Amino acid sequence: MSWQQNLILAGASALAGAINSVAGGGTLVTFPALLWTGHSALIANATSTVALWPGSLSSLWGYRAEIGSSRTAIARLTPPSFIGGIIGALLLLKTPPGVFAALVPYLILLATLLFVAQEPLSRFLRVRAERSALRAGASDANAARAANEEAAANDETGRSNAAWTAIIAFQLLVGLYGGYFGAGIGILMLASLGLMGFRNIHRMNALKNINAGAINFVASALFIVKGLVDWRIAAIMAVGAIAGGYGGAGAARRIGQKNVRRLIIFIGLALALSLLIRR
């Protein structure tokens, strides 16, 4: 390949690493770039997965403060990410992608809309909890609000076993999809975490990056064993993904939670539309 093509792939992987650090969907940047340079779809998918995995590690360093306060969620969500990733990668290697690929844009669109609904839903639940506390004999609204704020400060408190079961089951499905193709797994995870009561977007991003890394790790291992990776290209793209992943995490902190949410919604809608157009 020419040096111009190598430069394009490095730039695409840097952009993908930054996108993955704040939302997910970087595969939609690297996958078409690899197809454009003449790789088959299967080789492009495998090489993209392997190349972007180091970027997820670099973005984790950017969210290191949030990781320590999320040990319970990490311990519960990482196993289904591994299991789902293995199953999804095996499906990619053994089954035709037609039916599953047709569902992908609709799944991402649904997840994005759920993420849009998460903030008003959280407000509704918070107001309802305050009113319930008042009816139960709380002295005033401030006391109820303070209790809610304390719970919000630690996303892992006050969550029932049923809620955790739902999160874990959904994460298994996300892992399966991520092992199969992976575009948009961040959006799906952020939507799930938001609807289950997680409110801190930076902590949610840290959890998302850890589990995306787990999914892509097992998928990468299977692709490597099957000899589907173009290692020269993967090395070039890995460097770009690492730089983009770390820079993306830092940028998320600088621009604030509201702007990160807007970016996530934009990426989700753009990703769904792009996949629909490509059908």
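**Close-up views of aromatic pairs and a nonpolar patch**

Phe-181 is buried (under 20% relative accessible area, with exposed meaning over 50% and partly exposed in between, for a 1.4 Å probe and protein chains only), at a relative accessible area of 14%. Welcome to this predicted model, where local features need pLDDT of at least 70 and side-chain atom pairs count only at pLDDT 80 or more, while totals for chains, interfaces and linings use all residues. Residues are numbered from 1 along each chain as its sequence is written, and side-chain values use heavy atoms, leaving out hydrogens and water.

**View 1. Phe-31 meets Phe-181 in an edge-to-face pair.** A search of the whole structure turns up three aromatic pairs (rings of Phe, Tyr and Trp, the last by its six-membered ring, with centres within 6.5 Å; planes under 30 degrees apart are stacked, over 60 edge-to-face, the rest tilted). Here the ring centres of Phe-31 and Phe-181 are 5.3 Å apart and the planes stand at 80°, so the pair is edge-to-face. Phe-31 sits in helix H2 (residues 27–36) and Phe-181 in the loop between helix H8 (161–180) and helix H9 (185–195), so the contact ties together parts 150 residues apart in sequence. Helices are DSSP runs (H or I, at least four residues), numbered from the N terminus.

**View 2. Take a look along H2 and just past its end.** Phe-31 is buried, with a relative accessible area of 8%. Buried residues in H2 include Leu-28, Phe-31 and Leu-34. Just after this helix, Gly-38 takes a positive phi of about 100°.

**View 3. Trp-53 and Phe-217 form a tilted pair.** Their rings are 5.4 Å apart, centre to centre, with 45° between the planes. Trp-53 belongs to helix H3 (residues 41–62) and Phe-217 to helix H10 (residues 201–225), so this pair joins parts 164 residues apart in sequence. Trp-53 is partly exposed at 23% relative accessibility, and Phe-217 is partly exposed at 41%. Ring pairs also bring in Phe-82, giving a cluster of Trp-53, Phe-82 and Phe-217.

**View 4. Tyr-180 has its place in helix H8.** Tyr-180 is buried, with a relative accessible area of 6%. From Tyr-180 to Asn-216 is 36 residues in sequence and 9.8 Å in space, C-alpha to C-alpha.

**View 5. Phe-217 also helps make a nonpolar surface patch.** The patch covers about 470 Å², and its members are Phe-82, Ile-83, Ile-87, Leu-91, Leu-172 and Phe-217. Helix H5 (residues 71–94) gives the largest share, four residues. Leu-172 lies in helix H8 and is partly exposed, at 34% relative accessible area. Patch residues have over 30% relative accessible area and no salt bridge; like charges are joined within 9 Å, and nonpolar side chains (Val, Leu, Ile, Met, Phe, Trp, Tyr) within 5 Å. A salt bridge puts a side-chain nitrogen of Lys or Arg within 4 Å of a carboxyl oxygen of Asp or Glu.

Methods:
Helix = DSSP H or I, 4+ residues; strand = E, 2+ residues; numbered from the N terminus. Areas by Shrake-Rupley, 256 points an atom, 1.4 Å probe, with all protein chains shown as cover.
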